[in-house]
Every structure is written in structure tokens, then in C-alpha cells.
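Trainee: I am new to this structure and would like to take a close look at a single part of it. Please go through that part slowly, in one connected answer.

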Amino acid sequence: AKQKMSAAAPRPLFIAATRQHVGKTTVSLAVLSGLRKRFGDRVGFVKPVGQQHVPVGAKGIRVDKDVQLMKEYFGLNHLRYEDMSPVLVPRDYTKRFIDGEVSSDDQTSKIQDAVKRVQETSDVLIYEGTGHVGVGAIIDASNADVARRLDADVVLVANGGIGSAFDELEMNRAVLKDKGVRLRGVVLNKVVPDKVEQVRDYVGRAIQERWGVPLLGVVPDLPFLGKATLGDLERLLDGELISGRRYRDLHFGTQDLACVTTAVRRFLRKTHFRQAEKNETRPLFVTHCTRDDVLLAFLAYYKRSTVPLPDGVMDRDGWLGAMVLCKGECDMDPKQSVEDNTHLPYLVDIARAYDAPVMLTKLGTVEATNVMANFTAKMHVGDRSRIQAAIDHYEPHIDFEKLLG
């Protein structure tokens, strides 16, 4: 049976995407924020089927990571964690489902019972999906299936553009149509800023004329939102900040990465050029831990270029770079001795004296650089500055009158 909200309330919204990493959770943050401004605190949030999960609370209940983000950031105290994340798909869940150890009916009942409890304390309800609308089909719980069972309208999020965006949207719309799910509208994300009005015009006309669906928002790209914190990278590399721990919340993007294999003079010239000519203030250098000369040069440049504030913390609006030291085998000399393949303690002492952000990882330089370059930074509750920046950036670009119409 389909779950329905009261007649006075807007129909539930199911926020889905055309594929991974297009900003679905960021759109959910902005929509939840906007609805709370219009309907008060009694806005419910449920992620019916979750994949990446984390322990929460004293009992260590495991919930989808986006549920933790929404509940803790917005203070959704009228909702229970268990109801916000009713079904999780851990390792081997798919095999257990096919083997008959997990029942489709039981799975659906868990979701519907949880949603019913959330509805009792909420006036408006948002669901967030996982990946594109077909994800979860193997366990009879695709985003389209779940949206249909919950009688929710879908908002599709896609990366900006015209032709490619429309193609992705069409494939996902076809699945929704086949399942009998209404498409409420489309949000285009990460659009090149000087193409926003062009994209709004052409895509807006195309989807309205062909599908009768409104374009709910066109969000210009904001590179900062794709940047990971130094703490994120520390966990990603299984590393350790040996100094500068107070800067774990600094943000770095892939364009900030620089793998240093050159001589010191060239390293310093390029660093100064990037700062003076390109106005780059947040470089992230990667080098092998045996490059004592590079680390010493970095520390000298750090001391010269940073501006200390009265409380001893460096001015974050100025230059504030970081260094990743890699302990993996040197690419040019894999037979290098263990004794030589280590950092010098006195340089660590200097780094700590300067409180410069220096991290150690067991990975090699090439591997560490590639891992960071291919990493997609996700929103999490520990990165509140990026969450608020995302809401401030996205919310004004979403047409809530069309969304709720």
C-alpha cells in the first residue's frame, strides 16, 4: 500500500540523480533548508535505502552517512535515526537477497513502517535516493520502485550542459515513466557560470515542451564545494598529520595538488609563481619523505609566506600551503634501504615548531597523488563550513514556487 501525507501538505519529494557524484546530497541540503524556512522545523527526511553507513549515538546504530549529516546539521530531533535510515545494503546483501535470505516484502515493510512514523511528526517529507533511478533494482528496491511505493514525486539532479544533460535525464525519465512515477522537475548542477542563462533557456524549453516538466534550478559551479579537507585526505591516505593539526579543516582541491620531484630552486620558483601570478593560496605539495631539501624549502617558504594572527593561528585568507610526505618505495630506487627511506627527526621538530601542516603516509608519491586526484569529496557533518557554503550557494538557485506548485 502507498503511504500518503495529509491533503494539506505538499506531496513528498524524492530527490534522485542521473548518476553518482552530481550533487544530489547538496541539492537535498538546500531543499531541506528552504522547506524549513517555509514550513517550520517539522520537515522530515528519510533515506529509504542506504549504502555507505556510519555508527551513531551511544548504541552505535548504523545509518546512512547522509542521514547523519541531515539530522545532526539541522537538528532534526523530532526524528529517530532508525526511521530515517530503515534499510542498509552492506557487503553481501545482494547475494543474501538473491539467495532468499532477505525478503522483498519485509524490506518494503521496513521502509513503509519507518516512513509512517516519520510522517506522524512531520508536515513535509523529503526522501533522498542512491545514485541513478535504477540503482537497487537487483534487490527490488530501485529509486524508481521506492518512489512509486511511497507515492512520491521525483526531482532529478544532473550535471549541467545541454545535450549530455538532456540525454542522461531522458534515460532516467524513461525508467520513472515505466514505473508510473511522476517527475516533479529537474535541477541542473555544476554549470559553467557564464553558461547558466544559455543552459536555463535551452534545457528549460526542451524539457517543458517535450515532457511538460519544469526546470527547477540551474546552479553555477562553485569549485570550493568539491574540495576535501585536510582531515578528509588524512583519512583517505591513512596518514597522520605530524604537525599543523589545527588546520585539519583547511580545504584543498585537485587543482591545488603538486607532486614535487624537481630540484629545490625549481620547486621554489614554481611555488612563488603560483602564488604571485595565479593567486594560488592553498597549494598541497606531495613528495617523498627522503626529500629533506624539499621539506626544508617548504618550511622556509611557509615561515616567510604565512601571516600569524594574535592567537597564533595563521591567517586563513592568506597563503597557507600543506605538505604530504610519502614513505612508500622510491620509484627510481625500489631497493632503497629502510634506513634511508625515512624522514629526519629534526625536520619534524621544525615543522612542529612552525605548526606547519605536514602529513605522513605509507603510500608512494605517485599512488598518493593519484588517490587524491581521483577522490570525490562528499559532504559530512564534520565539515560544517562547506555544508553552509553549499546551502548558501544552492538554495537561491532553486525555484521553490515551482517545486511546491
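Trainee: Why does W319 count as buried?

Mentor: Please keep in mind that this is a predicted model. W319 counts as buried because its relative accessibility is 3%, and the cut-off for that word is under 20% relative accessible area. To see the surroundings of this residue, it helps to begin with its partner. Y301 and W319 form an edge-to-face aromatic pair, with 5.2 Å from centre to centre and 65 degrees between the planes. Since Y301 belongs to helix α11 while W319 lies in the loop between α11 and β16, the pair ties together parts that are 18 residues apart in sequence. Y301 counts as buried as well, because its relative accessibility is 7%.

The pair is part of a wider group, for F267, F285, F298, Y301, Y302 and W319 form one aromatic cluster. Within this cluster, F285 and F298 also make an edge-to-face pair, this one at 5.9 Å centre to centre and with 70 degrees between the planes. Here F285 sits in strand β15 and F298 in helix α11, so the pair ties together parts that are 13 residues apart in sequence. Both F285 and F298 are buried. Counted over the model, there are eight aromatic pairs.

The helix and the strand just named lead on to the sheet. Helix α11, which covers residues 292–305, lies across β15, β16 and β17 (358–361), and runs at about 165 degrees to β16. Another helix, α13 (residues 365–373), lies across β14, β15 and β16, and runs at about 155 degrees to β15. The strands belong to an open sheet of five, in the order β12-β17-β16-β15-β14, and their pairing is mixed. At the edges stand β12 (240–243) and β14 (257–259), each of which has a single partner strand, so one side of each is left without a neighbour in the sheet. From one strand to the next, the twist averages 25 degrees.

Inside this sheet, strand β15 (residues 284–288) and strand β16 (residues 322–326) run parallel and are joined by five bridges. One of the residues to look for there is L284, whose bridge partner in β16 is A322. Looking back from the sheet to the starting point, you can trace F285 in strand β15 to F298 in helix α11, and then Y301 in that helix to W319 in the loop between α11 and β16.

Terms used: Residues numbered from 1 in each chain as written. Predicted model: local features only at pLDDT ≥ 70, side-chain atom pairs only at ≥ 80, totals over all residues. Heavy atoms only, no water. Pairing = 2+ DSSP bridges. Helix = DSSP H or I, 4+ residues; strand = E, 2+ residues; numbered from the N terminus. Axes fitted to C-alpha atoms, helices over the stretch in contact; angles between N-to-C directions. Contact = heavy atoms within 4.5 Å. Phe/Tyr/Trp six-rings, centres within 6.5 Å; stacked < 30°, edge-to-face > 60°. Buried < 20%, exposed > 50% of the residue type's maximum accessible area, 1.4 Å probe, protein only.
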